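Hi everyone, thanks for making time. I'd like to walk you through a structure that's new to most of you, so let's get it up on the screen.

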Amino acid sequence: MAKKQFKSQLSGQIGEHLVVAELGRLGVIATPFAGNVPDIDVLAYANGESVAIQIKAQRNGSVSVDAKKYLNLRFEGDIQIILGKLDDVDRKLIFVLVKIGKQSGEDEFYIFDQGVVQDLIHEGHKRFLNKHGGVRPRNPKSTHCAYDIKVLADYKNNWRLITKSLGIS
């Protein structure tokens with residue numbers, strides 16, 4: 001396994017287990033799936049209710065995403081045209097973005113739903129394409145995009161999104 005891929009796997013594992021531990025502190029039973037279930041990294045349970053959670057973990061930088069997962073895109077030559085947001089995206093799927101700290105206790109958690117991600121990708125990719133006349137400068141066929149953790153400040157430690165879904169006050 002390549003060193004970069006190994007570090008990415010480690011970050012994912014750390015992120016999932018940090019979320020499981022935090023949920024345990026909140027009185028929620030949770031278990032990670034270690035990448036075997038599409039769109040579900042952790043399943044949380046309390047009060048007879050369960051909720052699927054997608055975890056994204058990273059040590060630094062922006063969160064990378066393929067715009068095709070969220071947007072209806074069309075190409076006219078090298079020009080990308082955003083036709084709108086995809087309808088089949090589960091906008092209510094809960095995401096936890098974990099910014100892994102250098103030491104224990106320095107981790108940050110941002111809890112929001114996939115609708116927030118789709119909206120960020122829609123606005124950010126549209127802004128980027130408009131800035132460049134619809135053509136990505138380095139690789140016109142790329143649909144890669146990213147968003148910065150800073151835009152998620154309102155969702156920091158928003159554990160209420162999960163506990164409310166599970167009927168915990």
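Okay, let's start with the second largest pocket, which holds about 400 Å³ of space. There are 18 residues lining this pocket, and the closest to its centre are Phe128, Arg136, His144, Cys145 and Ala146. Keep in mind that this is a predicted model.

So which elements each supply at least two residues of that lining? Those are helix 2, residues 114-131, and strand 9, residues 144-147. Helix 2 gives the most, with 7 residues. By type, the lining divides into 8 nonpolar, 5 polar and 5 charged residues.

Let's stay with helix 2. At 1.5 Å a residue, its 18 residues should span 26 Å, and the end C-alpha atoms are indeed 26 Å apart, so the two agree. Several residues of helix 2 are buried, including Val116, Val117, Ile121, His125 and Leu129. What covers the buried ones? The cover includes strand 4, strand 5, strand 6, strand 7, strand 8 and strand 9. And just after helix 2, you'll find glycine 133 with a positive phi of about 65°.

Now over to another spot: proline 32, which sits in strand 1, residues 29-37. Is proline 32 buried or exposed? Somewhere in between: its relative accessible area is 27%, so it counts as partly exposed. Leaving out residues up to four places away in sequence, proline 32 touches Glu16, His17, Val20, Asp41 and Val42. One last distance: proline 32 and glutamine 54 are 22 residues apart in sequence, and their C-alpha atoms are 10.0 Å apart in space.

How values were computed
Residues are numbered from 1 along each chain as its sequence is written. This is a predicted model: local features need pLDDT of at least 70, side-chain atom pairs count only at pLDDT 80 or more; totals for chains, interfaces and linings use all residues. Side-chain values use heavy atoms; hydrogens and water are left out. Helices (H or I, at least four residues) and strands (E, at least two) are DSSP runs, numbered from the N terminus. Buried means under 20% relative accessible area, exposed over 50%, partly exposed in between (1.4 Å probe, protein chains only). Contact means heavy atoms within 4.5 Å. On a 1 Å grid over the protein atoms alone, a cavity is a set of points where a 1.4 Å probe fits but cannot get out, and a pocket is an open set with protein on both sides within 12 Å along at least five of seven lines; lining residues have an atom within 4 Å of a point. Grid points are joined across faces, edges and corners, and a volume is the space filled by probe spheres set on the points. Ala, Val, Leu, Ile, Met, Phe, Trp, Tyr, Cys and Pro count as nonpolar, Asp, Glu, Lys and Arg as charged, and the others, Gly among them, as polar. The expected span of a helix is 1.5 Å times one less than its number of residues.
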